[in-house]
There are 4 protein chains.
Amino acid sequence: MSNFKEWAKTPPLGWNSWDCFGAAVNEKQLKENADYMAENLKQYGWQYIVCDIQWYEPNAKDNDYNNFCELEMDEYGRLLPAPNRFPSAKNGKGFKPIADYVHSLGLKFGIHIMRGVPRQAVAQNCKILNSYSTCRDIAHHFSVCSWNTDMYGLKDCEASQEYYNSIINLYASWGVDFIKCDDISVTEFRRWDNPYTADYEIEMIRKAIDGCKREIVLSLSPGPAPRANAAHLCKNANMWRLTGDFWDQWDKLYEMFDKCREWEGVSAKGNYPDCDMLPIGKLSKNGTCHGPQNRMTQFTKPEQFTLMTLWGIFKSPLMFGGNLPENDEFTLSLLTNEKYIEMHQKSFGAKQIFRDNKTVIWASNGKKRKYVAIFNIDKITRKIKADITSILMADTQYSALEIWSGEESVVKNKIACEIEPHGAKLYLIN
Amino acid sequence: MSNFKEWAKTPPLGWNSWDCFGAAVNEKQLKENADYMAENLKQYGWQYIVCDIQWYEPNAKDNDYNNFCELEMDEYGRLLPAPNRFPSAKNGKGFKPIADYVHSLGLKFGIHIMRGVPRQAVAQNCKILNSYSTCRDIAHHFSVCSWNTDMYGLKDCEASQEYYNSIINLYASWGVDFIKCDDISVTEFRRWDNPYTADYEIEMIRKAIDGCKREIVLSLSPGPAPRANAAHLCKNANMWRLTGDFWDQWDKLYEMFDKCREWEGVSAKGNYPDCDMLPIGKLSKNGTCHGPQNRMTQFTKPEQFTLMTLWGIFKSPLMFGGNLPENDEFTLSLLTNEKYIEMHQKSFGAKQIFRDNKTVIWASNGKKRKYVAIFNIDKITRKIKADITSILMADTQYSALEIWSGEESVVKNKIACEIEPHGAKLYLIN
Amino acid sequence: MSNFKEWAKTPPLGWNSWDCFGAAVNEKQLKENADYMAENLKQYGWQYIVCDIQWYEPNAKDNDYNNFCELEMDEYGRLLPAPNRFPSAKNGKGFKPIADYVHSLGLKFGIHIMRGVPRQAVAQNCKILNSYSTCRDIAHHFSVCSWNTDMYGLKDCEASQEYYNSIINLYASWGVDFIKCDDISVTEFRRWDNPYTADYEIEMIRKAIDGCKREIVLSLSPGPAPRANAAHLCKNANMWRLTGDFWDQWDKLYEMFDKCREWEGVSAKGNYPDCDMLPIGKLSKNGTCHGPQNRMTQFTKPEQFTLMTLWGIFKSPLMFGGNLPENDEFTLSLLTNEKYIEMHQKSFGAKQIFRDNKTVIWASNGKKRKYVAIFNIDKITRKIKADITSILMADTQYSALEIWSGEESVVKNKIACEIEPHGAKLYLIN
Amino acid sequence: MSNFKEWAKTPPLGWNSWDCFGAAVNEKQLKENADYMAENLKQYGWQYIVCDIQWYEPNAKDNDYNNFCELEMDEYGRLLPAPNRFPSAKNGKGFKPIADYVHSLGLKFGIHIMRGVPRQAVAQNCKILNSYSTCRDIAHHFSVCSWNTDMYGLKDCEASQEYYNSIINLYASWGVDFIKCDDISVTEFRRWDNPYTADYEIEMIRKAIDGCKREIVLSLSPGPAPRANAAHLCKNANMWRLTGDFWDQWDKLYEMFDKCREWEGVSAKGNYPDCDMLPIGKLSKNGTCHGPQNRMTQFTKPEQFTLMTLWGIFKSPLMFGGNLPENDEFTLSLLTNEKYIEMHQKSFGAKQIFRDNKTVIWASNGKKRKYVAIFNIDKITRKIKADITSILMADTQYSALEIWSGEESVVKNKIACEIEPHGAKLYLIN
């Protein structure tokens, strides 16, 4: 099989259920979003439908977790979709029927998993498929997630690999194309309030995927992944999170400028530092935490331009977080701008070329073209003159297209523009 | 009821099963040690027989823990003695028959508990006695012990107090006089590899004991208890550990000089910084870890004098760790020196008065007398002259009795002695 | 009078006596170097002839300082050229005859001064011109230079300004065009071994020059000037040193890459971070310290290309340090490359665009052109491919001229070249 | 000759001119103080009359220094008493007539010197006696005192030793018994604002004294001498300062408790950590700085008891700072308490035995006796019970004499007393 970096030649484009349905998404919702994507977004390159956390929990009903609860599980300690939420999963079919449906639309299907083995499987001392060991043998005696009680982390032993093989093979048999593995990528600080880490478990999952005979893209959460681990992450995963959960708040968006700067230059074919989902459109439909229930994004339009522009020029994976069928026209327009998608998929060499208290400027390159993103991080509308002599020939005229508005102009040495508070302009120059 | 500090007016003297039987002590062994104590030690003040960890685990067989195993437990999530190990506990009698036996000998009975609620009770979602809550409601979602898989720590909520009340009341009904609560007293570093901490759980256990109508002495483990927590510990417990587990190794004994110095001045009626058990006599009968199986202590005789002298002048609780019936004459002699016991029980104001690379000197006070302990921490036999002018009148004669040897002398300004490597002399001066 | 930044619209080009004659330069040598410059270098823009330290000391004879020695001085405590070394200075004419001579060649004349007042003037308690105060009144009681015993720093008082006025007016009357003030620009660390600092003295000298009615360029030494002081330096001086004394050693040249990176972006019209003199050609003619006596530079030819290329693209002032009349052809060729001088004088926006253990790349801009400097900091000859997509349009052809060799080529996306150990290539691209 | 530690077998008792006359003491004042001492204090052990700084400066007139001024000096760069202030010094007699006078009273004579060589001697390039070198050869080029402009520190070379020999021999020939060398003992922080340091100069002065054939006690200033240098100080000097200049302010007195604690245990025969002069009686007669001119000490009577008690039990040298002839009865009584002087001269083993926010207790030992000093550092009068069981036998009666009041009592386990704000009690117990 080819190297896993070939399985995501450009940064993934998709949808994830967390921002709109939390821990409680169901089959109908997954299919409705898939239908919408097939009809409205597929032609622009969007392809992943990802079911996020707790699909194995029958009683999940909102954005929060039920501690120590019963999970749907097979005799080998492998979690299964809760049939009351995913009816097609009955009779041990798992996610195969849903994956088949998604594939039939020309899209790909992904799921979320937690690092480790279910505590329930340890309590029941389940056998591990194709192994003489049991789940009790592989559970690490004190490696627990700090925010979810479902699992134990695994020991660094052979039987742990066998367990990971058993679950990845199951998911491959369902037709899973994308796995977002959680509680695994924060490894710098082994501290009490931030203990989720396990380099060797990342390596085991890599090995399990490489052996499963299906090209499954691997995404790691949560963030912040430590910058010092970049080489290890590039060797084992397709994408990994740069921050904790991202929501529709300006302060979190503002902080992302620092994170992108920190990870500047790491992005490469098959390896994508990940700014997290796009919390736009209709969010938090099941409510109880992470902001008001059933809201449209709290980001202003200028902030949404900033969000899309930064994620795009940085080549972060784009995972839409809202409930797609409830998109308004503006939201949809952000996802279907061809020039934007072309930049996101094909540009290279993105870097920050200017920053002060009020303005941030990034630039990247395409074939005979430059992209320049100008961000107004101030609270007032401002006129900005962006010096482009460091990236192009001085005293020379170029044509400029502002990607979001479609406005065209001629520029020399500087790009002059006016930007709303927290807003952005994105120029294609040639 | 009186203040709990009245329940241990002097530092406790007793026996604990851990050093000789590890996690696997049984009823017969408890009784044999109680018999020995009643016959040989009781008249000197020794009184506690303490059953250490894992008495609720049927399959415990040595010094190590079985991870994620089944525990003997009642319907309210309260652990019970494993009847295969403690036959008299059958039919829900718990430790009452053994406590009754110990009491019949004129001694007191103690048990070890772990902070929190059994994970097994959480998995089964047991009810809590006299509460509308269940064990699942009180388990903290990520407070776990780093070295034992039996329990979850508790949340800081009312039902947690109800659970602690339910277990302490049960133990009180059995006639328990002493509880050594483990995984609870290391609170300074909330770190991944040292996460056992819970100030509020200490307070809950204090409250449960104060409400149980039985005078139960409370001992906290493991160490190192942080020095900065001294006030909190004094307010809630009778004794607490200064270090991690202590064994018969010179380096650990050597480190205890620093610890005693650090805690100098804290000891008071009912509050005793605890240097841990005395690992002398016959140890590790069930083997597998913590040194050679079924050995006599690896401490030399001089080291045993040092051990007894330091623990004694510092007024640490004395919990003998060997299997009492296998004591040799020398070991027994260490436990039955009247002058020594009198110092341990009645002296006050102990402090280190000298320390260099080779010698440590402690002094404390009794009625019209001084105690001076001289330690040779060097590897060779050395003559030492201990200056006593800072604690007594210069140029004045005093009589001196070396407590271990019984040798008498007259001293003025200095005590001159010769001490073997790692050995000690202990003087009563008047 | 105009703002002082107008007096050095582009970075100064000149010659300084220190590297070749140390503390002992004389009138004949100054004139010989001026003659050479007028004949060979003037047409390329070179114009300053600067007489460095100790011109007021009759007995100076080499590169070292004589401690506590007698200095040539007038009744107002102002130092004068030693007539035995500068015969034209007799009868109180100072440097006026030499300055006149230099001016007659179409060049400019500069001198070195030390911060403060001569200790000799303090001992004699000289009057200050146009003041009621004396030199004893203004000497700071413990502000002394750590490497030269001639002066005391000044107190922050009005009479200190009067003293500085008196000396600057004298120098202006001689026709001085350039002052290199020493022992003044290290202000970050007020430490025992690095105590030369005095922000207020910099300001006093600025004020004295602005009031003297002559456009005198102000250069500050020694380095390292603290990066945090950039704003203060820009406000008060035309140039300031980035490091301690620079000599013909690779390790010092290597360190300059870090310094240039640190000061990147500060250079502006009239404000030039200064990498120090160019120690090439014939050096240390008077010997005793700073390397072998009367040597040709110890830099290899590749290292000399690196030196010139880095100083040039960074727009450091260029002050030639060798004895000009003894230049060989190669050395002269470095100073008379028109394309190089054009870059040095007119380029803008220099910055480092790449660095690893073996390669450093800087780029800057001119009118419809880019400059790209590629440095091989490794010990072996290496082929280097320099990516230029971040500064120019990708997939587009440009013409490239290597400035030192004159080789022309066509480049696209990358510049490929082979560079000798410690060597450099410098490209003009359009 | 004997070891220098034999020359001050007990801590020196004397008078120093600084606190009352500053830089301007004269011959008459020295003699008046000597007369007073001979008549009133000599019988209690007081013996040193010490002339402090600037005796070589003709124009000194108050407590401050004149910068860069002319000094009285011989041809070898050795400072001499200014004859206008010390008439008997005329004709090169130096301090010999005054020393003779002091000796005739049965007292000893001391002088203050500054580390190094006069800058005036360097400017004049004086020869050094018995050497081929000159003062210019030995002056360190940037070792200057931060608060006085008279001297340069010396280089670490042979001729520096010759210079120190030349001055010490001169002082010995005058009959000097005590030298207080200043600007020499702060060596821990080599910082710009605290640069006076020179371990090797201390060693040179030690060597010069040991070679001068006169027993001259050596005192080092200023403080704080670094605690880490204790061994070096003990090897080279009889006493050294623990703090900067001490004056009659409670905050400085309060801080001395910390300093004494820090240096506890260092005092030994011939080596005395020095708490500085006693600023009591009539002070600052020449005014201009260091408090109101010509005042009686600003210390309250309780504070004076604290001052005397702490200095006394700590065995600091006692150098009275007031003008002796103007003593009132209370001040004199502090200097003539026989029990107090006996403690100061003969006690040993002083240490702090208690400290909290309000109370400090020190204890030390004598022959068949203890001394206990109780300090009330609070702002209100307080009753204090001082536990003495750690230094004496518990439950045993002792007789106690309060040294300042003469009150006698019987004590057991505790000393109960009432002390005024900032006051002290001093007990002799036997």
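Helices here are DSSP runs of H or I with at least four residues, strands are DSSP runs of E with at least two, and both are numbered from the N terminus. This is a predicted model, in which local features need pLDDT of at least 70, side-chain atom pairs count only at pLDDT 80 or more, and totals for chains, interfaces and linings use all residues. Residues are numbered from 1 along each chain as its sequence is written, chains are lettered from A and ligands numbered from 1 in the order in which they are written, and side-chain values use heavy atoms, with hydrogens and water left out.

**View 1. A cis peptide bond precedes A:P222.**
The bond joins A:S221 and A:P222. Its omega is about -15 degrees. A:P222 sits in a loop of chain A, between β7 (217–220) and α8 (230–236).

**View 2. A cis peptide bond runs from D:G223 to D:P224.**
Omega is near 0 degrees for this bond. D:P224 is placed in the loop of chain D that lies between β7 (217–220) and α8 (230–236). Most peptide bonds are trans.

**View 3. A:S284 has a positive phi.**
The value is near 50 degrees, in a residue other than glycine. Most residues other than glycine have a negative phi. A:S284 belongs to the loop between β10 (282–283) and β11 (295–296) of chain A.

**View 4. Helices α9 and α10 of chain A cross at roughly 15 degrees.**
Helix α9 spans residues 250–263, and helix α10 spans residues 301–314. Their axes come within 11 Å. The crossing angle makes α9(A) roughly parallel to α10(A). (Axes are lines fitted to C-alpha atoms, for helices over the stretch in contact, and angles run from 0 to 180 degrees between N-to-C directions. Angles under 35 degrees count as roughly parallel, over 145 as roughly antiparallel, 65 to 115 as roughly perpendicular and the rest as oblique.) The crossing of α9(A) and α10(A) is left-handed, meaning that the near helix is turned anticlockwise from the far one by less than a right angle; clockwise would be right-handed. From α9(A), the meeting residues are A:W250, A:L253, A:M256, A:F257, A:C260 and A:W263. From α10(A), they are A:E303, A:T306, A:L307, A:L310, A:W311 and A:F314. By class, the contact of α9(A) with α10(A) has 10 nonpolar, one polar and one charged residues. (Contact means heavy atoms within 4.5 Å. Ala, Val, Leu, Ile, Met, Phe, Trp, Tyr, Cys and Pro count as nonpolar, Asp, Glu, Lys and Arg as charged, and the others, Gly among them, as polar.)

**View 5. Helices α9 and α10 of chain C pack with their axes 11 Å apart.**
The angle between α9 (residues 250–263) and α10 (residues 301–314) of chain C is about 15 degrees. That makes α9(C) roughly parallel to α10(C). The crossing of α9(C) and α10(C) is left-handed. Helix α9(C) contributes C:W250, C:L253, C:M256, C:F257, C:C260 and C:W263. Helix α10(C) contributes C:E303, C:T306, C:L307, C:L310, C:W311 and C:F314. The contact of α9(C) with α10(C) divides into 10 nonpolar, one polar and one charged residues.

**View 6. Strands β13 and β14 of chain A form a hairpin.**
Three residues lie between β13(A) and β14(A). Strand β13 covers residues 348–355, and strand β14 covers residues 359–366. They run antiparallel, joined by five bridges. A:K351 has A:A363 in β14(A) as its bridge partner.

**View 7. Eight strands of chain B form an open sheet.**
The order is β9-β8-β7-β6-β3-β2-β1-β12, with parallel pairing. (Two strands pair if DSSP finds at least two bridges between them.) At the edges are β9 (272–274) and β12 (318–320) of chain B, each pairing on one side only. From one strand to the next, the twist averages 25 degrees. Within chain B, four bridges join β6 (residues 178–182) to β7 (residues 217–220), and these two run parallel. B:C181 has B:L220 in β7(B) as its bridge partner.

**View 8. Chain A superposes on chain B by a rotation of 180 degrees.**
The shift along the axis is 0.2 Å, and the RMSD is 0.1 Å. That is the relation of a two-fold axis. The same surface serves both copies: 96% of the contact residues of chain A recur in chain B. (Copies are superposed by least squares on the C-alpha atoms of residues with pLDDT of at least 70 in both.)

**View 9. A turn of 180 degrees lays chain C on chain A.**
This turn comes with a shift of 0.1 Å along the axis, and the RMSD is 0.1 Å. Of the residues of chain C, C:I391 comes closest to the rotation axis, with its C-alpha at 1.9 Å. The copies meet through the same surface, because 100% of the interface residues of chain C are also interface residues in chain A.

**View 10. Chain B and chain C do not touch.**
The nearest C-alpha atoms of chain B and chain C are 36 Å apart. Chain A and chain D do not touch either, and their nearest C-alpha atoms are 36 Å apart.
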